[in-house]
2 protein chains.
Amino acid sequence: MGLVVQKYGGSSVADAEGIKRVAKRIVEAKKNGNQVVVVVSAMGDTTDELIDLAEQVSPMPAGREFDMLLTAGERISMALLAMAIKNLGHEAQSFTGSQAGVITDSVHNKARIIDVTPGRIRTALDEGNIAIVAGFQGVSQDKKDITTLGRGGSDTTAVALAAALDAEVCEIYTDVDGVFTADPRVVKKARKIDWISFEDMLELASSGSKVLLHRCVEYARRYNIPIHVRSSFSGLQGTWVSNEPIGDKQVEQAIISGVAHDTSEAKITVVGVPDKPGEAAAIFRTIADAEINIDMVVQNVSAASTGLTDISFTLPKTEGRKAIDALEKNRSGIGFDSLRYDDQIGKISLVGAGMKTNPGVTAAFFEALSNAGVNIELISTSEIRISVVTRADDVPEAVRAVHTAFGLDSDSDEAVVYGGTGR
Amino acid sequence: MGLVVQKYGGSSVADAEGIKRVAKRIVEAKKNGNQVVVVVSAMGDTTDELIDLAEQVSPMPAGREFDMLLTAGERISMALLAMAIKNLGHEAQSFTGSQAGVITDSVHNKARIIDVTPGRIRTALDEGNIAIVAGFQGVSQDKKDITTLGRGGSDTTAVALAAALDAEVCEIYTDVDGVFTADPRVVKKARKIDWISFEDMLELASSGSKVLLHRCVEYARRYNIPIHVRSSFSGLQGTWVSNEPIGDKQVEQAIISGVAHDTSEAKITVVGVPDKPGEAAAIFRTIADAEINIDMVVQNVSAASTGLTDISFTLPKTEGRKAIDALEKNRSGIGFDSLRYDDQIGKISLVGAGMKTNPGVTAAFFEALSNAGVNIELISTSEIRISVVTRADDVPEAVRAVHTAFGLDSDSDEAVVYGGTGR
């Protein structure tokens with residue numbers, strides 16, 4: 001008998017009907033002979049409604065109380081889900097993050113899991129129960145306060161529990177059929193990916209793919225927990241994310257997993273920086289001290305005549321104001337002429353482990369963009385990813401062009417695969 | 001510096017505006033130099049909405065999960081209240097029943113408090129915080145499951161915390177101005193009571209007065225915690241409930257505290273019972289085994305010719321079906337002719353410690369009812385209470401007649417007081 005962890009997002013349990021539908025699916029998994037642990041998010045818009053209430057009573061809700069408030073959402077959905085399962089004649093018990101042993105640090109609103117001690121879950125399973133666990137929440141190790149894990153936290157709860165319970169698989173149920181070769185809203189011919197490696201999934205997640213968050217995939221890779229992303233509205237197989245393809249049939253690994261895009265970033269250019277050691281450090285120390293994460297960085301070639309250079313970097317638009325303020329405040333310490341802020345940029349990324357051994361990929365990527373008339377402003381690469389920054393307006397066309405060029409379109413028979421003809 | 005426990009009901013925190021108004025009142029108490037612990041109920045209709053959701057997923061929601069669900073309500077209101085207080089520049093921390101050390105037995109949906117270990121509350125207070133505690137909920141001693149205390153549970157939470165923290169007073173804020181000499185919806189001339197003894201309040205509570213529940217008053221009496229029932233919408237003094245009048249000014253204790261009525265009961269008459277030892281025991285053992293609480297009991301004089309008698313008792317209407325079924329099932333064991341069920345009855349009770357020493361009270365009570373043309377069906381008395389059962393339709397008129405007869409009307413100057421002329 002295997003142990004399966006299933007996670008259902010808010011859209012899957014948006015109302016009583018959704019909860020009953022999910023309950024049936026959970027009971028199916030139990031009938032198939034599995035021990036089943038279910039992680040559930042708050043119903044539909046519950047979290048947004050609670051945030052709205054908080055803003056009505058206080059413009060700056062405090063971390064500890066805000067977490068206490070938000071965790072009410074999962075408390076509701078998990079209790080209802082347990083009731084719905086019991087109504088189908090199966091035993092179920094619900095557990096808060098704290099009861100499930102999800103121990104975190106004390107950083108409210110974006111706590112990190114530091115340990116999982118699922119003793120009560122184990123007992124509930126051994127007694128024949130289906131265990132329902134509140135996603136997104138934990139309890140802090142030092143103060144025993146309720147914490148939340150931040151955006152996408154329920155996925156992380158599911159993977160962390162799967163690791164602590166040594167589960168066979170962590171199934172992430174969502175409102176899409178799986179991970180696609182590109183965002184289907186942009187690329188109509190995007191294909192569902194049957195299997196993708198942790199490495200490629202990590203790159204897609206950090207390049208703008210929204211299906212799984214980086215933190216959750218990172219956790220799964222560390223503990224080698226296979227993830228199965230699938231729809232709660234259909235019975236279809238979704239996308240497996242793991243070290244190696246699961247099961248008997250050989251899945252050929254494509255050279256390219258997919259094309260991701262991201263229009264949530266802005267670009268800041270620090271103009272007229274003295275081209276001498278320590279300047280870049282001064283800039284990025286200023287940014288880091290303001291607790292802003294940056295993404296891509298490019299330093300232009302210095303103009304020999306002036307001894308000055310420009311440094312550009314990208315960061316979330318939401319952090320733009322803070323970064324500009326921090327740099328201006330430290331202008332004399334850093335030494336620069338001016339700042340340019342541009343939030344009309346987009347990032348297109350090509351991801352695939354096959355790049356390592358296929359030197360032609362980079363050239364083909366730039367050719368595709370060039371043929372589509374897309375101008376490139378910044379470039380950054382990893383071993384298995386190429387990203388470029390373009391005008392935001394160019395993003396949809398650029399993504400489609402690249403998707404087609406690498407044979408990813410659903411009507412294409414030219415998918416580039418390992419061990420293929422090398423085309 | 002004193003320690004004050006305040007309790008706010010759902011109608012006081014029904015929306016963001018209510019929460020902000022309550023926050024201001026709490027801060028006032030803090031500014032007056034008190035340590036302040038606040039017990040809060042769920043916002044307005046939250047609990048009803050959660051119950052409605054539960055019924056949508058399961059016709060018979062299970063106890064453990066139902067408690068988990070309902071406690072989300074207080075989690076929301078307490079976190080919002082803490083935020084609102086912090087927004088006024090004061091420190092506040094919210095605590096679940098479990099965090100506040102409210103330890104209960106394991107009877108879900110109507111758990112009883114068996115211990116309060118408010119270590120975290122004490123620490124929060126010593127650090128200068130206002131402590132906000134979720135009412136109505138606790139954690140079971142043996143299984144560490146979340147429990148709820150049943151109807152009126154938040155009042156009990158407040159009194160129990162006041163006892164454990166040795167508070168000076170437990171203030172129960174509600175949407176009425178205090179305890180009245182009769183229900184003001186029935187008796188327009190009902191007067192607010194300034195002070196009432198625990199004993200009289202207990203009798204009023206068990207006779208149909210809804211302002212405070214019996215369990216909460218019983219708890220306060222056991223630990224000698226003065227209760228101050230008052231409106232959260234005005235700054236007026238409400239009703240003090242305690243052993244002795246509080247403060248300097250001498251409050252004269254009225255012979256009669258008030259008139260309570262109750263139309264939530266039904267009457268069952270067991271007809272044709274053999275008038276021999278053990279018969280009544282057989283009936284009430286049957287009822288007790290069905291876990292039904294009964295109120296008044298009357299056995300008619302036996303008709304000598306038949307050797308048969310009738311036994312009548314009253315019980316909550318909601319238990320009527322169950323009681324009839326239990327008696328029918330055991331008809332041969334008990335031995336009776338038939339059962340009569342009557343849910344068109346009402347109970348009127350006159351309460352006052354002065355009865356003990358004023359033998360004329362009972363006569364005056366019956367005269368008042370007689371003058372109002374009200375027929376009496378059952379009578380029961382305690383040392384400080386007389387109750388009669390009448391037709392439900394007669395109740396309003398009967399209550400008004402008794403209220404006037406004992407000088408309780410607000411325009412009367414004939415209030416009957418100790419040490420008065422004895423009239």
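**Two copies, two domains and a helix pair**

Trainee: Happy to start with chain A: how many Å separate the centres of domain 1 and domain 2 of chain A?

Mentor: Good place to begin, and keep in mind that this is a predicted model. The domain assignment gives chain A a domain 1 at 3–175 and a domain 2 at 247–423. Taken over C-alpha atoms, the centres of these two domains are separated by 36 Å.

Trainee: What kind of axis relates the two copies?

Mentor: Chain B superposes on chain A, with an RMSD of 0.1 Å, after a rotation of 180° and a shift of 0.1 Å along the axis. The copies are therefore related as by a two-fold rotation axis.

Trainee: Which residue of chain B has the C-alpha nearest the axis?

Mentor: Stay with that 180° rotation between the chains. Both copies use the same surface, as 100% of the contact residues of chain B recur in chain A. In chain B, the C-alpha nearest the axis lies 2.4 Å from it and belongs to B:Ala72.

Trainee: Now the helices: is H6(B) roughly parallel or roughly antiparallel to H8(B)?

Mentor: H6 of chain B covers residues 153–164, and H8 of chain B covers 214–223. Their axes are 8 Å apart and pack at an angle of about 10°. Angles under 35 degrees count as roughly parallel, so H6(B) and H8(B) are roughly parallel.

Trainee: How many nonpolar residues does the contact of H6(B) with H8(B) have?

Mentor: On the H6(B) side, the residues include B:Val159, B:Ala160 and B:Ala163. They meet an H8(B) group that includes B:Cys216, B:Tyr219 and B:Ala220. Beside two polar and two charged residues, the nonpolar count in this contact is seven.

Terms used
Residues numbered from 1 in each chain as written. Chains lettered and ligands numbered in written order. Predicted model: local features only at pLDDT ≥ 70, side-chain atom pairs only at ≥ 80, totals over all residues. Heavy atoms only, no water. Axes fitted to C-alpha atoms, helices over the stretch in contact; angles between N-to-C directions. Helix = DSSP H or I, 4+ residues; strand = E, 2+ residues; numbered from the N terminus. Parallel < 35°, antiparallel > 145°, perpendicular 65-115°, else oblique. Contact = heavy atoms within 4.5 Å. Nonpolar A, V, L, I, M, F, W, Y, C, P; charged D, E, K, R; others polar. Domains from an automatic or database assignment. Least-squares fit on C-alpha atoms with pLDDT ≥ 70 in both.
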